[in-house]
Number of protein chains: 2
Amino acid sequence: MKSRLSCLALLGTLLMTPITWAAEAQPNIVIILYDNLGYGELGAYGGGVLRGAETPRIDQLAAEGVRLTNFNVEAQCTPSRSALMTGRFSIRSGTYKVPRVGSPDGLTLWEVTLAELLSSRGYATGIWGKWHLGSSEARFPTNQGFDEWYGVPRTYDEVMWSNADESNGVAPSIGSKQGWDEKRVPAQYIYEARKGEAARKVKKLDLASKRTLDEEITDRATAFIKRNAQAGKPFLAYIPFSLVHMPTLPNPAFVGKTGNGSWADALAEVDHRAGQILDALKAAGVEENTLVILASDNGGEATHPWEGANGPWRGTYFTAMEASLRAPFIMRWPGHVPAGRVSNEIVHIVDLYPTLAHLGGAEVPRDRAVDGVDQMDFLAGKQQNSNREGFPAYVADRLSAIKWRNWKLQLIQQDNMYDPAVPLAIPRLYNLLTDLREERSVAIDNTWILPLMTDIAGQLKASFAKYPPIESGAPDPYVPPN
Amino acid sequence: MKSRLSCLALLGTLLMTPITWAAEAQPNIVIILYDNLGYGELGAYGGGVLRGAETPRIDQLAAEGVRLTNFNVEAQCTPSRSALMTGRFSIRSGTYKVPRVGSPDGLTLWEVTLAELLSSRGYATGIWGKWHLGSSEARFPTNQGFDEWYGVPRTYDEVMWSNADESNGVAPSIGSKQGWDEKRVPAQYIYEARKGEAARKVKKLDLASKRTLDEEITDRATAFIKRNAQAGKPFLAYIPFSLVHMPTLPNPAFVGKTGNGSWADALAEVDHRAGQILDALKAAGVEENTLVILASDNGGEATHPWEGANGPWRGTYFTAMEASLRAPFIMRWPGHVPAGRVSNEIVHIVDLYPTLAHLGGAEVPRDRAVDGVDQMDFLAGKQQNSNREGFPAYVADRLSAIKWRNWKLQLIQQDNMYDPAVPLAIPRLYNLLTDLREERSVAIDNTWILPLMTDIAGQLKASFAKYPPIESGAPDPYVPPN
């Protein structure tokens with residue numbers, strides 16, 4: 001391993017990375033974020049034909065850019081999306097878990113989102129798909145820096161309420177509809193919104209509208225790309241697709257496509273939609289000047305009968321096992337990111353915030369803790385090593401594991417989201433290069449690592465003293481105590 | 001799934017595949033067989049940097065040829081090598097398990113090896129590395145069709161006997177040397193042999209000679225390639241490398257190469273050796289006219305502290321779990337095999353025998369059961385589907401599982417070689433596309449498959465009536481009962 005930023009810079013708190021990257025060029029930025037797409041689904045990650053569907057478009061994207069094998073996310077949808085939008089671990093923002101229906105939720109308006117940063121630098125900003133960072137209109141994406149939005153404020157579990165007895169390729173969940181009273185627990189909706197206008201309920205979120213949502217997302221995102229390319233305006237297109245979140249059902253046009261069942265059909269759609277976005281960039285003549293990121297928000301779907309594939313990793317989402325933390329990540333930027341590179345260096349989803357903000361010419365806020373570090377030099381291959389050596393992994397509001405280089409300290413034992421999370425009296429240490437499935441603790445042979453791990457946790461705690469975390473459910477306006 | 005050979009052709013018994021492939025061209029054939037190299041080690045299979053070592057040469061080979069994700073081997077070293085050499089499931093040949101030291105072992109001379117077939121058609125034939133198909137000189141490879149051999153008759157476990165107390169990067173096995181008396185249980189040797197000459201003991205097999213064996217193998221194999229290329233003689237180079245079989249220790253020149261420990265260093269050597277073979281083919285001007293196969297003999301090493309990586313698959317070698325059955329397989333033949341193809345179709349190591357024999361212009365014997373089917377049209381991309389739909393998986397002499405398309409019937413429960421193998425009262429059926437880790441039996445939902453599985457087992461049993469299996473330890477000369 002070569003030298004890199006010291007441990008003290010790990011959390012990136014108030015550390016300003018110099019803006020060296022094409023601030024004036026302001027590339028377009030496309031973030032394709034799949035939902036619960038496990039590490040092992042895509043062909044480039046050892047899936048594809050193994051899962052019954054080739055993914056040629058995404059594999060080609062990987063061949064044209066950099067692919068990470070140690071890209072880390074938070075353990076759930078809401079926290080990961082919060083980290084992406086703010087560059088901050090979700091524990092800081094009160095967004096550390098998927099909110100229950102009806103509970104106060106979301107990002108306070110005090111947060112400065114990536115969309116707000118880029119918007120302030122002249123970017124057109126759009127999001128199509130799941131927000132999951134506030135289900136009250138005041139916290140909709142169009143009040144958090146996006147010019148336009150089409151999608152759902154929350155998530156897709158609720159699709160099951162109204163459809164559990166449909167014979168629609170969906171195994172009924174016991175009790176899904178039994179006793180459900182829409183007057184008491186309302187159905188969820190797909191919304192359309194524009195900045196400065198009232199949001200509009202478009203239609204109910206149900207099995208049928210979930211099935212066609214990614215097609216609608218693609219239509220709107222590609223129109224946005226075309227429109228802004230023609231106008232010569234730089235853009236941020238944030239495309240959080242609905243697939244492969246349960247119920248994992250493909251668009252009707254993809255039913256039977258692979259002959260290998262609905263999961264494989266959905267995977268074929270995943271690849272097709274990415275291909276449509278890429279085609280739109282090419283058709284609009286902005287392929288060269290657009291940085292494309294394709295990633296997933298957390299570990300693979302794990303809700304029977306929809307079972308994702310996490311490659312060699314163990315565990316489920318909502319835990320701190322590697323299957324939960326490692327997600328696929330591909331970045332293409334012709335002429336800037338070398339083609340076909342694969343790296344096992346640690347990158348965290350919080351890092352995208354400063355990296356992309358700087359590309360757009362924006363600075364990250366200095367009045368709060370920002371955990372992300374600018375990774376552009378690393379991603380562009382100007383340096384071999386990531387600017388991050390490790391990070392603390394929270395599951396909801398509990399510090400559950402700490403990663404540093406190829407080591408992982410496990411503080412809480414929990415493989416499956418439905419099992420209890422049990423604190424370990426003696427933390428376990430895994431060498432993730434030799435023990436991919438986190439089976440053999442080597443703590444006693446490597447006690448020299450423990451102080452480094454303690455440092456990582458300690459730095460975060462120290463920063464909490466200066467910047468107290470926002471409580472979950474905190475109302476607007478939020479005013480920091482200092 | 002498209003139509004293909006019917007179930008009845010599954011076992012290939014006495015089925016003659018027409019020779020349509022370049023019989024007159026007689027390509028050179030190189031078989032690089034790694035030892036206990038798990039499915040998940042190579043970069044092309046999702047390993048590489050994940051394991052601490054890039055494998056650029058082998059990944060490039062995959063990019064230039066076809067890569068299989070459902071290449072199936074037998075569960076142990078000896079059976080797989082037997083199947084490769086004879087085209088017959090090892091249960092037929094009495095070679096269905098790794099023999100104990102001192103027990104009668106090996107292939108009877110009645111068997112017709114791939115080397116004998118190709119030798120009869122004018123091929124030069126060489127093997128460098130582990131034979132494991134007969135530790136008495138009468139059954140050495142030079143008496144089974146090979147012109148030359150350098151390597152070990154048995155395997156590498158014995159390296160530990162004489163070195164367990166060396167402080168040589170090897171964790172001592174309890175009792176390895178305690179009480180070992182070389183007079184009673186002799187040490188093992190590296191041999192050198194030529195057809196028609198007495199074999200020569202070169203040196204003791206110990207930690208030091210194991211470490212350098214793959215270098216010696218490479219030197220001899222590349223000299224053979226150069227010599228025969230110059231002579232214009234077609235050749236079969238069978239290169240069963242020692243890595244990554246335990247003790248998994250790299251050549252001294254590779255110690256510290258990656259900075260990621262000895263396993264990663266060994267993996268770097270694996271890639272380097274393959275690169276040297278490929279370079280030799282190019283230097284000798286025979287790259288175009290040489291078919292190269294790179295594969296492994298069984299599931300990943302699983303002897304602490306040497307732990308292999310099996311990608312998404314579960315289990316260890318010496319079981320019938322997918323981690324045991326699926327091995328990496330890459331084939332390159334410029335102009336004949338399409339570049340960059342990946343297929344999840346089932347191919348079995350027995351299939352290489354007829355496939356390669358036919359390429360060399362030889363016919364497979366008609367007086368015995370041959371289980372392999374010619375796969376050249378499939379491997380060359382002339383057809384989408386394999387000529388094999390399934391196979392019975394034996395562990396030693398017990399039928400333990402049956403595979404058919406994406407389904408697997410598990411008859412015996414055993415995840416780990418050290419656990420008991422327990423017959424299942426109700427066999428389990430797994431959908432290997434949706435349930436990579438063989439966790440959820442769907443037998444009750446898919447009882448239509450069970451008769452097809454029963455057919456596969458039934459055909460094999462029926463062929464046993466006509467061609468009784470050779471007993472383990474059978475002496476020469478072997479005379480079939482019919």
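## Exercises on a predicted two-chain model

A:Thr290, A:Val292, A:Leu294 and A:Ser296 point one way from S8(A), A:Leu291, A:Ile293 and A:Ala295 point the other way, and all are buried. The model is predicted, and the exercises below begin with this strand.

**Exercise 1. Determine how strand S8 of chain A is covered and which strands pair with S8(A).**

Solution.
Step 1. Strand S8 of chain A spans residues 290–296, and seven of its seven residues are buried. The strand is thus described as mostly covered.
Step 2. Strand S1 of chain A, residues 28–34, pairs with S8(A) in the parallel sense over seven bridges. One bridge can be located by name: A:Asn28 has A:Thr290 in S8(A) as its partner.
Step 3. Strand S11 of chain A, residues 326–332, pairs with S8(A) in the antiparallel sense, over four bridges. Here A:Ile293 has A:Met331 in S11(A) as its bridge partner.

**Exercise 2. Assess whether the dimensions of chain A agree with those of a compact globule.**

Solution.
Step 1. A compact globule of 482 residues would have a radius of gyration near 23 Å; chain A has 21 Å, and therefore the value agrees.
Step 2. The C-alpha trace of chain A spans about 55 × 50 × 50 Å along its principal axes.
Step 3. Of the 482 residues in chain A, 58% are buried.
Step 4. Among contacts in chain A with a separation of 6 or more, 67% join residues 24 or more positions apart.
Step 5. The secondary structure of chain A consists of 10 helices and 17 strands.

**Exercise 3. State the confidence of the prediction, and identify a stretch of chain A where the pLDDT is below 50.**

Solution.
Step 1. The average pLDDT of chain A is 92, and 91% of the residues score at least 70.
Step 2. Residues 1–19 of chain A have a pLDDT below 50; in the model this stretch has 35 contacts beyond near neighbours in sequence.
Step 3. For the model, the scores are ipTM 0.92 and pTM 0.94.

**Exercise 4. Establish how chain B is related to chain A and describe the side of chain B that touches chain A.**

Solution.
Step 1. Two copies of a chain are related by a rotation about an axis and a shift along it.
Step 2. Chain B is superposed on chain A by a rotation of 180 degrees with 0.0 Å of shift along the axis, at an RMSD of 0.0 Å. That is the relation of a two-fold axis.
Step 3. The same surface serves both copies, since 100% of the contact residues of chain B recur in chain A.
Step 4. In the interface, 27 residues of chain B are in contact with 27 residues of chain A. Helix H5 (262–283) and strand S12 (341–343) of chain B each supply at least two residues of this side of chain B.
Step 5. By class, the side of chain B that touches chain A has 11 nonpolar, 13 polar and three charged residues.
Step 6. B:Pro312 comes closest to the rotation axis of the residues of chain B, its C-alpha lying at 2.3 Å.

**Exercise 5. Classify B:Ala396 and B:Arg405 as buried or partly exposed.**

Solution.
Step 1. B:Ala396 lies in the loop between strands S14 (390–395) and S15 (398–404) of chain B, and its phi is near 55 degrees.
Step 2. B:Ala396 is partly exposed because it has 17 C-beta neighbours inside 10 Å, whereas 20 or more are required for a buried residue.
Step 3. B:Arg405 lies in the loop between S15 and strand S16 (407–413) of chain B, and its phi is near 50 degrees.
Step 4. B:Arg405 has 20 other C-beta atoms within 10 Å and is therefore buried.

Conventions
Residues are numbered from 1 along each chain as its sequence is written. Chains are lettered from A and ligands numbered from 1 in the order in which they are written. This is a predicted model: local features need pLDDT of at least 70, side-chain atom pairs count only at pLDDT 80 or more; totals for chains, interfaces and linings use all residues. Two residues are in contact if their C-beta atoms, placed from the backbone, lie within 7 Å. Ala, Val, Leu, Ile, Met, Phe, Trp, Tyr, Cys and Pro count as nonpolar, Asp, Glu, Lys and Arg as charged, and the others, Gly among them, as polar. pLDDT is the predictor's confidence in each residue, from 0 to 100. The radius of gyration is taken over C-alpha atoms; the globule rule is 2.2 Å times the number of residues to the power 0.38. A residue is buried if 20 or more other C-beta atoms lie within 10 Å of its own, exposed if 12 or fewer, and partly exposed in between; C-beta atoms are placed from the backbone. Copies are superposed by least squares on the C-alpha atoms of residues with pLDDT of at least 70 in both. Two strands pair if DSSP finds at least two bridges between them.
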